[in-house]
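I opened this model to take notes on its fold and its interior. My entries follow in the order I looked things up.

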Amino acid sequence: MRIAVGIDHAGVSLRDTVWQAVKDSGHELIDLGQHDDYPDSALDIGRAIAAGDADRGILVCGSGAGVSVAANKLPGIRASVCHDHYTAAQCVLHDDCNVLCLGARVIGPAIAAELTEAFCSARFSGEERHVRRLGKVLQMERDGMEASW
């Protein structure tokens, strides 16, 4: 799998750790560089996924919140802030998330490596209830407040 990584100024401390964890997990790293403003990093990740240049993305900022908010504004992106192993795997398994958001001021290198590995290794379950729920999310993305089911 091709994993794009983008960071903002606050995420620099985890850059090398995340890169190495992606490689150690057997995936191809796509370095999208560093930006001062987190929306720029989120947009780079979204574009890479939308273009098919990356299968998933990892964004790192200070808390993980800023990049998550920005990434989730982009069509086709399902981003989750994860600071624990369960959520990093579960967001893919149940919600088909394609972007992991980490906070360099919240977690250290060992946790960042563990979360990166969990996210990269997880696969969407395809269970009916999760497919149904994801369909509703996609309808919300398409129709906004007009969504109905």
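**Notebook: helix ends, core and strands**

I started at α4. D84 caps the N-terminal end of α4. I found a side-chain oxygen of D84 3.2 Å from the backbone nitrogen of Y86. I keep in mind that this is a predicted model.

**Entry: the chain as a whole**

I counted 6 helices and 5 strands in the chain. Along the sequence I read the pattern β-α-β-α-β-α-β-α-β-α-α. Next I checked the overall size. The radius of gyration is 14 Å, which agrees with the value near 15 Å for a compact globule of 149 residues. The C-alpha atoms fill a box of roughly 45 × 30 × 30 Å along the principal axes.

I then looked up burial. Of the 149 residues, 43% are buried. The accessible surface comes to about 7,300 Å². Carbon and sulfur atoms hold 52% of that surface. I also looked at contacts with a separation of 6 or more. Residues 24 or more positions apart account for 67% of them.

**Entry: α4 and the loop after it**

Back to α4, for its buried residues. I listed A88, Q90, C91 and V92. They pack against β3, β4 (79-81), β5 and α5.

I followed the chain into the loop between α4 and β5, where D96 is found. Its backbone caught my eye. Most residues other than glycine have a negative phi. D96 has a phi near 55°, a positive value in a residue other than glycine. Is D96 buried, exposed or partly exposed? I noted a relative accessible area of 24%, so D96 is partly exposed; the buried class ends at 20%.

**Entry: β5**

How many of the residues of β5 are buried? I got 5 of the 5, so β5 is largely enclosed by the rest of the structure. V99, C101 and G103 point one way from β5. L100 and L102 point the other way.

I looked up the strands that pair with β5. β3 runs parallel to β5 and is joined to it by 5 bridges. In that pairing I noted V60, whose bridge partner in β5 is L102. β4 also pairs with β5 in the parallel sense, over 3 bridges. There A79 has V99 as its bridge partner in β5.

**Entry: α5**

Helix α5 covers residues 109-121, which is 13 residues. I took its span from first C-alpha to last as 18 Å, close to the 18 Å expected at 1.5 Å a residue.

Which residues of α5 are buried? I wrote down A112, L115, T116, A118, F119 and C120. An α-helix has 3.6 residues a turn, so residues three or four places apart point the same way. The cover over the buried residues of α5 includes β1 (2-8), α1 (15-24), β3 (56-61), α4 (85-93) and β5 (99-103).

**Entry: T116**

I picked one residue of helix α5, T116, for a closer look. Its relative accessibility is 0%, so T116 counts as buried. What is T116 in contact with, leaving aside its neighbours within four places in sequence? I listed V18, A21, V22, I58, L100 and L102. Two of these names were already in my β5 entry: L100 and L102 are buried and point one way from β5. L102 is also the β5 bridge partner of V60.

Notes
Residues are numbered from 1 along each chain as its sequence is written. This is a predicted model: local features need pLDDT of at least 70, side-chain atom pairs count only at pLDDT 80 or more; totals for chains, interfaces and linings use all residues. Side-chain values use heavy atoms; hydrogens and water are left out. Helices (H or I, at least four residues) and strands (E, at least two) are DSSP runs, numbered from the N terminus. The expected span of a helix is 1.5 Å times one less than its number of residues. Buried means under 20% relative accessible area, exposed over 50%, partly exposed in between (1.4 Å probe, protein chains only). Contact means heavy atoms within 4.5 Å. A polar contact is a pair of N or O atoms within 3.5 Å; within protein, one must be able to donate a hydrogen and the other to accept it, and residues adjacent in sequence count only if both atoms are side-chain atoms. The radius of gyration is taken over C-alpha atoms; the globule rule is 2.2 Å times the number of residues to the power 0.38. Accessible areas come from the Shrake-Rupley method with a 1.4 Å probe; for residues, only the protein chains shown count as cover. Two strands pair if DSSP finds at least two bridges between them.
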